[in-house]
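Let's take a friendly walk along the contact between two chains and the empty space beside it. Have a look at the model first.

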Amino acid sequence: MIRRPSTHDYRTIAHYTGKVMIGIAILFSLPLATALVFQEWNTALDFANSLCIALLVGMGLSLIPPRARSFTWLHGMVVASLSWMLATVLGALPYYFSGHYRSFLDAAFDVMSGYTTTGLILIQDLDHVANGLNMWRHVLTYVGGQGMVVLALTFLVKEAGGGVKMYIGEAKDERLLPSVVHTARAIWWISLVYLAVGTMAHWVAGLLIGLKPIPAFLHGLWVYMAGWSTGGFAPSSMNVMYYHSTLYETVTALFFVLGSFNFALHWAVWNGKRREVYRNIENLSLTATLTLTFTLAAVGLIKAGVYTEPLAVFRRVFYMIISGHTTTGFQNLYARQLLLEWGPLPITAITIAMLIGASACSTAGGFKGLRVGILVKAIIQDTRRLLVPESAVVVEKFHHIRDVVLEDRHVRGAALVVVSYVALFGIGVVLTALSGASMPEAAFETASVTGNVGLSIGVTNPQMPAYLKLWYIVSMWIARLEFFSVYALIGFIFAGVRRK
Amino acid sequence: MKYLSVPWLVIALLMVGSVTAATHPRVTADQLIAEAGEYNGRTVVIRGEAFGDIMTRGSMGWVNVLSEGVGIGIWADTNQLAKIRLLGSYRYRGDIAEVTGIFNRACSQHGGEPDIHALSLDVVEAGSPIARPLQAEKIRLAAALVPITVIGVLSATRRRVKSNTNSL
């Protein structure tokens, strides 16, 4: 029986949502400091004002004392999903104040795209944007990749009682350490170490390709943040084409591939379990699908005859496929080239790669390689059951950090999420096609939105209909949280408003 | 006789120049992408704002130009690139460069990327600083929000300290 939420429930949810908003407010200090350093006074004012508003909202909500008798799964899920929505509204304030957006909806679109590490953009005149604003664009994708609830758990939530439920509500279900707060801190520790190494690598690459030291550092920091978080934002409207460099693309690819790995895998390798890299079902599954989609795309491009050099084919195809498969979204060609020059087979290959996505409990989106691997194992198991005597017990195992016996609950969990993704994808394709896009365009762009990828075939632009912008915002949000937090929020609201 | 040949020479040169200009189509970056097959390998003329960074690589280098909102890479020698004084950014509208060059839809020299190899590069319009005066409404909003926020933070901090003291 679904019970009606009580005042205690509302207070608990409000309190913890407020904590997360305080975290968002504190994050505004980074772009504010950047704007002050570069003497971008209007931008500094935008972030100062946004910081104040976010802090007042956060403090106001967190001052409501939680009185719930226990912090339930419902609370955790609702806090996770509600925090993301409210953080989007607050995060859009400096964008809107900047004048680089046609509307608040466009600003909210870019924020949700950043938090969900999608990477589609509606910003106007990106090449004349302040450094402070560019800092915010990339910080929010970095934080979104780690998870803003994870951030709050790490620094702001001392009581761990509800921590597990909020953590899982944000679609992170790996426990690196027994305590979820320690797990959250471990995730941040991994990310910060890579931040230092990755920024340095990008900085050096930038210097080598001819950037001056300060732009090389800023580009390096931002492109690293966007790559590691598999977000795909870039400081230029030309994305990674701006750099005209195989070296720079290689460095970005290295770190976005690392970012697409499961945090538990990183933790295992850091603790000496290097065999995890090739034993893990996710990596095996992703290697198989990457090889398949790359082959399909390469064959299609060779047939199309656009590129005359094998290295050119490899560089363009491999980068786009791996960018799509890791759900990063860095593009080394124009959106329209995909539609006009690449043809149906490569577009289909990238679409499939985007839908499959990368690893669970990483910064990436999509179905996830783990679920694809589990479903394939389930098909193998059920087929074997048909072929062996009825009395035989068929045991199928998979390796994910440790050996796991495949059970129905694993298959059910994987199937529910994949079915939800497919349904979300289907609705998105229809709505996109209604806006005038062709089916291949609609499928490609919707896969990019649903998989939180960010590659674009040209559908996403400031002129697209408002309903489609709104749908994409909701779609990116639902997909990033992997459905159940949002289902819980909808159920919570429904239970709250029904008469009895 | 020699005085008669000079005007004819000038006229001849002008005619050659106009024919040359007429055979090099003026394009935008968007046109090049949309009709890449048609323009591939041809000499084109493109005009756009130089922005971002000039990336020197030996005796050559890259500059990106914004042609009606779409950026495209120009590969040119450093002497040509040296003509560009201002690059577009938050603070500046960059020089408007007119580039005559060969468009490659999938440049074999540069890993298959679409680019233009410049034959000539001229700055046709100098860039300028972008005025960004402080906006009064932002200052007014800050003047209202900052004190309220400071009071709010101090009040919340005092409440927390008091509640921690009481619980001890």
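## A cavity and an interface

By class, the second largest cavity is lined by five nonpolar, one polar and two charged residues. Keep in mind that this is a predicted model. The count of cavities of 30 Å³ or more is two, and the second largest has a volume of about 30 Å³.

Both chains contribute to its lining: Gln337(A) and Glu341(A) on one side of the list, and Leu32(B), Ile33(B), Ala36(B), Phe103(B), Arg105(B) and Pro114(B) on the other. The elements giving two or more residues to this lining are α16 (335-342) of chain A and α2 (29-34) of chain B.

Now to the interface itself, summarised here.

| Item, chain B and chain A | Value |
|---|---|
| Buried area | about 3900 Å² |
| Residues of chain B in contact with chain A | 50 residues |
| Residues of chain A in contact with chain B | 44 residues |
| Salt bridges | five salt bridges |
| Polar contacts | 23 residue pairs |

Carbon and sulfur atoms give 57% of the buried area. Ile33(B), which also lines the cavity, joins Tyr90(B) and Lys138(B) in supplying 17% of the area that chain B buries against chain A, more than any other three residues.

Among the polar links, Asp30(B) forms a salt bridge with Arg336(A), with the closest N and O atoms 3.2 Å apart. On the side of chain B that touches chain A, two or more residues come from each of α2, β2 (43-57), β3 (60-67), β4 (70-77), β5 (92-93) and α5 (136-167). The largest share, 12 residues, belongs to α5(B). By class, this side has 25 nonpolar, 14 polar and 11 charged residues.

Note on methods
Residues are numbered from 1 along each chain as its sequence is written. Chains are lettered from A and ligands numbered from 1 in the order in which they are written. This is a predicted model: local features need pLDDT of at least 70, side-chain atom pairs count only at pLDDT 80 or more; totals for chains, interfaces and linings use all residues. Side-chain values use heavy atoms; hydrogens and water are left out. On a 1 Å grid over the protein atoms alone, a cavity is a set of points where a 1.4 Å probe fits but cannot get out, and a pocket is an open set with protein on both sides within 12 Å along at least five of seven lines; lining residues have an atom within 4 Å of a point. Grid points are joined across faces, edges and corners, and a volume is the space filled by probe spheres set on the points. Helices (H or I, at least four residues) and strands (E, at least two) are DSSP runs, numbered from the N terminus. Ala, Val, Leu, Ile, Met, Phe, Trp, Tyr, Cys and Pro count as nonpolar, Asp, Glu, Lys and Arg as charged, and the others, Gly among them, as polar. Contact means heavy atoms within 4.5 Å. Buried area is the accessible area (1.4 Å probe) that two parts lose on being put together, summed over both. A salt bridge is a side-chain nitrogen of Lys or Arg within 4 Å of a carboxyl oxygen of Asp or Glu. A polar contact is a pair of N or O atoms within 3.5 Å; within protein, one must be able to donate a hydrogen and the other to accept it, and residues adjacent in sequence count only if both atoms are side-chain atoms.
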